[in-house]
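Q: I've got a model open and I'd like to learn how to read it. Where do we start?

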There are 2 protein chains.
Amino acid sequence: MKIVIIGGGAGGMPTASNIRKYDSEAEITVITRDNKVSYSPCAIPYVLSNKITSFDDIVMKSPEDYKEKNINVLTEAEATAIDAEAKIVTYTHEGKEKTIEYDKLVLATGGNPFIPPMKGVDLDGVFRIRTIDDGKAVEEWAKNCKNAIVTGAGLIGIEIAYAFKEMGINVTLTEMMPQIVPRSLDPDMAKIIEKYLEKEGINIALGQPITELKGENGKVTGAVFGDGTEVDCDMVILATGVRAELGLAKSIGCECGRWAIRVNDRMATSVPDVFAVGDCVESYDAILRSPTISQLGTTAIRQAKTCAQTICGKRSRFNPVLNSMVSKVGNLEFGAVGLTTTFAQQNRIRTVTEKVEALTRARYYPNAKPMNVKVICDIDGTIIGCQIIAEERVAERIDTMTLAITEELTCFELSNMEFAYAPPVSMVTDPLVIAVEEVSKKFN
Amino acid sequence: MKIVIIGGGAGGMPTASNIRKYDSEAEITVITRDNKVSYSPCAIPYVLSNKITSFDDIVMKSPEDYKEKNINVLTEAEATAIDAEAKIVTYTHEGKEKTIEYDKLVLATGGNPFIPPMKGVDLDGVFRIRTIDDGKAVEEWAKNCKNAIVTGAGLIGIEIAYAFKEMGINVTLTEMMPQIVPRSLDPDMAKIIEKYLEKEGINIALGQPITELKGENGKVTGAVFGDGTEVDCDMVILATGVRAELGLAKSIGCECGRWAIRVNDRMATSVPDVFAVGDCVESYDAILRSPTISQLGTTAIRQAKTCAQTICGKRSRFNPVLNSMVSKVGNLEFGAVGLTTTFAQQNRIRTVTEKVEALTRARYYPNAKPMNVKVICDIDGTIIGCQIIAEERVAERIDTMTLAITEELTCFELSNMEFAYAPPVSMVTDPLVIAVEEVSKKFN
């Protein structure tokens with residue numbers, strides 16, 4: 001079996017590795033524009049802040065490592081055309097145009113940074129962060145930088161802004177929406193993180209877009225906001241999200257949804273023998289039961305597993321997603337899963353919510369830290385969302401809530417669940433239980 | 001409504017508080033032998049090791065605090081008889097015999113430390129650890145102590161042994177069974193903790209009971225093991241478990257099981273208007289669907305909630321238990337939920353298990369620590385147990401697995417679940433997922 005995978009990120013490479021696990025004979029070829037494969041873009045901010053020593057550390061495997069598994073990785077190669085009838089991919093590599101036949105094709109073309117409609121985005125000193133090369137370019141430019149603007153206060157934006165602060169750069173984090181992390185957090189929870197970031201010395205400008213970047217001699221020198229305010233800067237990071245790369249998919253007639261390639265729960269596109277995984281595909285929202293996008297590395301990895309198993313004739317289904325996420329900036333860890341109150345309401349779901357402040361350990365145990373938990377329920381008590389902020393032990397509680405939401409538990413049911421307890425590691429009544437008990441009271 | 005509660009521990013006091021939440025009028029009286037209420041006996045080892053400054057810190061509420069809620073707490077009082085027909089409890093308090101009427105009676109009589117059949121347990125320097133007074137007596141005696149023996153390597157035994165080590169005392173931890181924590185851990189997982197404790201300087205003697213404690217002038221001087229070996233010591237801690245206190249319950253004809261008072265899922269005993277909660281009652285095992293004991297503070301607290309809600313006419317059920325637990329000794333956190341392989345096999349359940357070593361953070365992130373995870377499945381793949389050891393982030397993963405076992409998930413299902421990821425706080429594929437993926441392979 002000949003398998004061609006276009007894209008060498010968190011969707012493409014695990015697809016290749018997983019296929020090899022099930023099929024030692026398959027001829028597997030990966031075509032990627034990047035000069036590296038198998039690294040974690042999520043780690044770039046932590047290299048900038050020097051938490052991780054070097055960009056080399058975040059590269060998990062080289063093309064040579066794949067070669068050992070008999071997986072052929074073509075770096076700095078670009079797929080330019082697909083003939084889905086003849087099952088041939090045309091690509092350029094080392095200056096030449098070549099072709100390769102396939103039995104099964106996997107589109108793992110990922111996404112491109114979304115460039116907001118503003119003047120001046122081509123000025124020197126304006127960066128996007130998607131690849132290690134982007135990270136290196138920012139690291140280099142930052143050496144002579146005093147004032148940076150990071151626009152887009154999603155996870156990557158916040159993490160980059162915090163990294164700049166740690167590098168000693170004066171930084172302004174801007175967001176068009178009136179709060180940070182609008183996709184995953186309610187305004188009241190976002191406010192806790194906003195306060196923390198401001199206390200740490202990061203300027204935050206919410207609720208208006210940047211309309212123009214100004215420059216001198218081709219270099220960025222400032223940003224103009226919608227209300228006319230100007231802020232000086234010598235670097236701008238566009239952290240305004242990613243749009244699925246759909247060119248090749250559309251060229252062969254793959255059905256696409258509003259945002260990305262439509263696949264079934266086995267990762268098959270509408271075109272025979274063509275599959276797709278990662279940032280370029282639509283997922284299905286577990287609560288709304290409608291298409292959504294889930295541009296997370298973990299989603300790509302799980303899709304890659306299903307894609308590989310499907311190709312190898314094994315039963316596998318990619319489940320609807322809840323977009324669980326976690327991040328850590330400075331000492332603060334925050335995470336979320338399911339719908340925000342805002343998003344639920346936009347989808348005509350009436351919500352009952354409660355926010356509690358508890359502790360990460362027994363009250364009397366040293367270093368017990370405050371933990372904020374917000375639980376969002378449907379009007380019948382079914383849990384549909386949860387957001388947590390604390391200095392420790394957030395991620396795994398998000399996982400517990402992911403499972404609770406997946407299993408469609410109500411707040412009443414979860415409040416009766418067993419939680420493990422020991423004074424150094426938890427409260428005798430877990431913060432999650434306190435939260436669901438409190439929200440339960442609103443149903444009386 | 002007149003409510004009398006016998007016992008002021010983790011079963012009795014939360015029953016009182018919860019009843020007050022639902023019923024502002026009820027006359028609530030708690031009768032307890034102890035001179036304090038509402039403290040966490042689990043915290044005693046951490047006071048001994050000075051992690052927590054003083055025994056005062058672990059007392060959450062005083063009888064006066066309860067007085068403010070109009071709950072009458074009689075300390076150093078002992079219930080001596082119950083007339084279940086006339087609904088009268090006789091008790092001694094301040095040297096006098098008194099009586100009190102009840103409409104509803106709650107037995108929260110807890111348990112007594114089990115004293116193993118050995119000579120010399122009455123010698124000075126031999127202690128059990130159940131109350132703060134026990135803790136204070138040990139703290140005092142330890143000042144002149146060089147060599148201590150802790151017998152019983154359950155959680156409290158290990159935590160006390162570690163505390164002694166931190167106090168500079170030479171300590172030997174002994175256990176009749178051939179491994180530590182035999183109730184919750186498989187031998188291979190227990191071995192990891194045994195090695196850690198030995199590395200930390202704790203002597204461990206497994207697989208044989210102490211048959212005799214030797215003494216001089218009424219003070220303990222040594223212990224003799226089953227094989228005749230003798231170990232010198234000037235202090236012995238009996239951490240050999242707790243037996244339900246059943247005297248009063250049996251005197252009024254409450255049906256009892258093999259170990260404790262039998263209650264239904266609303267915490268009602270077989271005697272009308274008599275309820276029971278905490279260490280003195282039987283629970284129901286969620287996997288085996290048969291009676292078990294669950295002498296955990298968290299179990300008592302959840303039972304208290306159901307008991308109070310039942311008494312106040314609210315619908316509430318106490319669910320079967322999985323006995324999830326967690327502990328921390330030194331830098332090592334360990335936890336478990338569900339059945340061990342040994343216990344499953346004793347109950348004629350054939351198991352399929354896998355043990356993996358993963359990391360607590362992304363491989364390239366500083367301070368990623370090894371995490372050992374063992375998953376135990378039934379032969380159809382249903383998860384029935386999990387054990388985890390690492391230096392961080394164990395407790396919440398146990399909670400996730402508790403929920404997975406409660407919902408009767410298979411390893412195949414859990415391996416497809418979403419887990420939140422960020423390099424500083426998790427691996428891109430969670431250790432739990434790695435474990436269930438590995439065990440899944442054994443079903444092919």
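A: Let's start with a fold motif, bearing in mind that this is a predicted model. In chain B, strand β10 (residues 147-151), helix α5 (residues 155-166) and strand β11 (residues 170-175) form a right-handed β-α-β unit.

Q: In which sense do β10(B) and β11(B) pair, and over how many bridges?

A: They run parallel, with five bridges between them. For one spot to click on, look at B:Thr151, which sits opposite B:Thr174 of β11(B).

Q: Which other strand does β10(B) pair with?

A: Try strand β16 (residues 235-238) of chain B: β10(B) pairs with that one too, in the parallel sense, over four bridges. Here B:Ile149 has B:Val236 as its bridge partner in β16(B).

Q: How should I think about side chains on a strand, and is β10(B) enclosed or open?

A: The general idea is that in a regular strand the side chains alternate between the two faces of the sheet. As for β10(B), four of its five residues are buried, so the rest of the structure largely encloses this strand.

Q: Now zoom out. How are two copies of a chain related?

A: In general, by a rotation about an axis and a shift along it. In this model, a turn of 180° and a shift of 0.0 Å along the axis lay chain B on chain A with an RMSD of 0.0 Å. That is what a two-fold axis does. Both copies use the same surface, as 100% of the contact residues of chain B recur in chain A.

Q: Which residue of chain B comes closest to the rotation axis?

A: That's B:Thr400, whose C-alpha is at 2.3 Å from the axis.

Technical notes: Residues are numbered from 1 along each chain as its sequence is written. Chains are lettered from A and ligands numbered from 1 in the order in which they are written. This is a predicted model: local features need pLDDT of at least 70, side-chain atom pairs count only at pLDDT 80 or more; totals for chains, interfaces and linings use all residues. Copies are superposed by least squares on the C-alpha atoms of residues with pLDDT of at least 70 in both. Two residues are in contact if their C-beta atoms, placed from the backbone, lie within 7 Å. A residue is buried if 20 or more other C-beta atoms lie within 10 Å of its own, exposed if 12 or fewer, and partly exposed in between; C-beta atoms are placed from the backbone. Helices (H or I, at least four residues) and strands (E, at least two) are DSSP runs, numbered from the N terminus. Two strands pair if DSSP finds at least two bridges between them. A crossover is right-handed if, with the strands pointing away from the viewer, the path from the first strand over the helix to the second runs clockwise.
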